[in-house]
Amino acid sequence: MKAYVFAGVFFCCSVTTAQAQNCYVPGFSGVDNSTAIGYMTVKAGKICGVTRIGGDGMMVTGTRIVGRPRAGKVGLTPTAIRYMPQPGYVGPDAFTFQNQGRNRFGQATVRTIRMQVNVVA
């Protein structure tokens, strides 16, 4: 089990050896009501994602995509944010999502995450 922190939100991803070769997302952190930059490396034709679980005292009540990728698709499941590049595409891409919720003091907060994606062969 590997754990990653994204923009102050705890993400936990179970990564097998095969998954690690297809998808890599190193940890990073940020603060409430700001934008953090995250990085994702994904093998062409594979899906890469992060499991979203509130952490750092934040209770996530909603997540939305606010910037779509140009060379792939991004979507939300009840527990994850997933990215898949267009077939045959290799190169850079990016997308942005926001987690809305309440911080540990009960105040409304938004955390914006700009994912810089590197699609490799």
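A disulfide is a pair of cysteine sulfur atoms within 2.5 Å. The exercises below apply to a predicted model.

**Exercise 1.** Identify the disulfide found in the whole structure, and state which strands it ties together.

*Solution.*
1. A search of the whole structure yields one disulfide.
2. Its partners are Cys-23 and Cys-48, whose sulfur atoms lie 2.0 Å apart, which is within the 2.5 Å cut-off.
3. Cys-23 belongs to strand β3 and Cys-48 to strand β5, so the bond ties together parts 25 residues apart in sequence.
4. The torsion about the S-S bond is about 60°, and the disulfide is therefore right-handed.
5. Buried means under 20% relative accessible area. Cys-23, at 15%, counts as buried, and Cys-48, at 1%, is buried as well.

**Exercise 2.** Determine which side chains meet in the salt bridge, and classify the burial of each partner.

*Solution.*
1. The structure contains one salt bridge.
2. It joins the side chains of Arg-111 and Asp-32, at 2.4 Å from N to O.
3. Arg-111 lies in strand β10 (residues 108-120), whereas Asp-32 lies in the loop between β3 (23-24) and β4 (34-43); the pair therefore ties together parts 79 residues apart in sequence.
4. Arg-111 has 2% relative accessibility and counts as buried, while Asp-32, at 24%, is partly exposed.

**Exercise 3.** Establish which strand gives the most residues to the largest nonpolar core.

*Solution.*
1. This core has 18 residues; among those touching the most other members are Tyr-83, Phe-95, Phe-97 and Met-115.
2. At least two residues each come from β4, β5 (48-51), β8 (80-85), β9 (91-102) and β10.
3. Strand β10 gives the most, with four residues.

Terms used: Residues are numbered from 1 along each chain as its sequence is written. This is a predicted model: local features need pLDDT of at least 70, side-chain atom pairs count only at pLDDT 80 or more; totals for chains, interfaces and linings use all residues. Side-chain values use heavy atoms; hydrogens and water are left out. A salt bridge is a side-chain nitrogen of Lys or Arg within 4 Å of a carboxyl oxygen of Asp or Glu. Buried means under 20% relative accessible area, exposed over 50%, partly exposed in between (1.4 Å probe, protein chains only). A nonpolar core is a set of buried Ala, Val, Leu, Ile, Met, Phe, Trp, Tyr and Cys residues joined through side-chain atoms within 4.5 Å.
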